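User: I am new to this structure and would like a close look at a single part of the fold. Please describe how that part is packed against its surroundings, and explain each term as it arises.

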Amino acid sequence: MIEARYLASEGMVARFYDDKARSHGSAAFDAGRDYMIPWLQRGGVGPGKKVLDAGCGPGHWVRCAVDLGAEVVGLDISSEMVRLASKLVPESKFFVESMDRVPFGDDYFDIVISCGSMEHSTDIARSRNELYRVCKDRSGFILPMPFDGCWKYLEDEELPNMERFGDAEDWRNLLLTPQVRLVEEWIVAGPHPDYCAVMQKAEG
Ligand SMILES: C[S@@+](CC[C@H](N)C(=O)[O-])C[C@H]1O[C@@H](n2cnc3c(N)ncnc32)[C@H](O)[C@@H]1O
């Protein structure tokens with residue numbers, strides 16, 4: 001991982017995405033159901049599953065996961081993003097909070113998804129550990145980092161805290177701890193290649 005020249009604070013990241021929500025509305029970051037649904041199914045999202053979307057943005061992944069029958073909680077540091085998500089998925093519960101402080105107990109969720117969001121965290125190892133904490137043993141993580149759709153609105157902008165990620169290896173090194181095993185990984189090609197991983201929390 002590359003040393004950051006400076007790190008944007010949580011407040012700066014929240015303001016950046018509040019502005020993005022205001023300027024792009026609910027169309028922001030819509031990767032398309034054809035992209036999201038197979039991903040979610042691959043990770044086991046379906047009826048009876050409790051799912052957390054950490055960094056849910058305007059809620060497109062939450063919408064798809066709810067449509068697959070899951071019970072989904074969304075969390076985002078940007079209140080404007082949460083406002084959009086609450087409109088898109090009124091039946092879900094949302095929190096304006098950092099993924100460093102998930103307001104749930106240990107092992108609460110069956111599946112945690114976080115799509116193109118963790119890379120903005122000011123303390124990324126802490127965010128990762130927090131997401132692992134709230135996920136049950138033998139349950140899953142779905143982590144596209146960052147995903148292709150992110151870039152189409154943001155081509156000319158410097159995304160907060162992104163400069164630390166040089167390549168897929170950086171993500172693999174960050175995500176793989178003794179707590180998890182890799183189920184599947186692949187790279188989505190594009191101007192900014194994306195590292196995608198499905199992982200499972202180990203027992204104990
Ligand atoms: C590129 S958008 C992706 C949104 C959504 N996951 C999607 O794919 O449509 C990144 C989102 O992560 C949120 N975010 C960034 N840092 C966060 C943090 N520390 N905790 C929670 N959300 C965060 C931003 O506010 C933003 O909504």
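Analyst: Two residues are said to be in contact if their C-beta atoms, placed from the backbone, lie within 7 Å. Helices (DSSP runs of H or I, at least four residues) and strands (runs of E, at least two) are numbered from the N terminus. The structure is a predicted model, in which local features need pLDDT of at least 70 and side-chain atom pairs count only at pLDDT 80 or more, while totals for chains, interfaces and linings use all residues. Residue numbers start from 1 along each chain, following the sequence as written.

The part chosen here is helix α4, which covers residues 79-88. As background, the chain contains 6 helices and 7 strands. Read from the N terminus, these elements follow the order α-α-β-α-β-α-β-β-α-β-α-β-β. Of the 204 residues in the chain, 44% are buried, where buried denotes 20 or more other C-beta atoms within 10 Å of a residue's own, exposed denotes 12 or fewer, and partly exposed lies in between. Among contacts with a separation of 6 or more, 68% join residues 24 or more positions apart.

Within α4, the buried residues are E80, M81, V82, L84 and A85. Their cover includes two helices, α1 (10-24) and α3 (60-67), together with the strands β2 (71-76) and β3 (93-96).

The packing of α4 with α1 can be set out in some detail. Two packed helices are described by the angle between their axes and the distance between the axes. An axis is a line fitted to C-alpha atoms, for helices over the stretch in contact, and angles run from 0 to 180 degrees between N-to-C directions. The axes of α1 and α4 cross at roughly 40° and come within 7 Å. The two helices are therefore oblique to each other, given that angles under 35 degrees count as roughly parallel, over 145 as roughly antiparallel, 65 to 115 as roughly perpendicular and the rest as oblique. On the α1 side, the contact is formed by Y17, D18, A21 and R22, and on the α4 side by S79, E80, M81 and L84. By class, this contact has 4 nonpolar, 1 polar and 3 charged residues; here Ala, Val, Leu, Ile, Met, Phe, Trp, Tyr, Cys and Pro count as nonpolar, Asp, Glu, Lys and Arg as charged, and the others, Gly among them, as polar.

One residue of α4 deserves separate attention. M81 belongs to this helix and counts as buried because 26 C-beta neighbours lie inside 10 Å. Leaving out residues up to four places away in sequence, M81 touches Y17, A21, G57, P58 and D76. M81 and A21 are 60 residues apart in sequence, yet their C-alpha atoms are 5.6 Å apart in space.

Some of these partners also appear around the ligand. Its shell consists of 23 residues, and the closest are Y17, F29, G55, G57 and S117; a residue is placed near a molecule if its C-beta atom, placed from the backbone, lies within 6 Å of it. Helix α1 gives the largest share of this shell, 3 residues, and α1, α3 and β2 each supply at least two. By class, the shell comprises 11 nonpolar, 9 polar and 3 charged residues. F29, one of the closest residues, sits in the loop between α1 and α2. With 26 C-beta neighbours inside 10 Å, F29 counts as buried. The phi angle of F29 is positive, about 60°, although the residue is not a glycine.

The helix α3, part of the cover of α4, has a further partner. Helix α2 (residues 33-42) packs with α3 at an angle of about 55°, their axes being 10 Å apart. That makes α2 oblique to α3. The contact joins R33, M36, I37 and L40 of α2 to H60, W61, C64 and A65 of α3. By class, the contact of α2 with α3 has 6 nonpolar, 1 polar and 1 charged residues.

In summary, α4 has five named buried residues, E80, M81, V82, L84 and A85, and M81 is in contact with Y17 and A21, among others.
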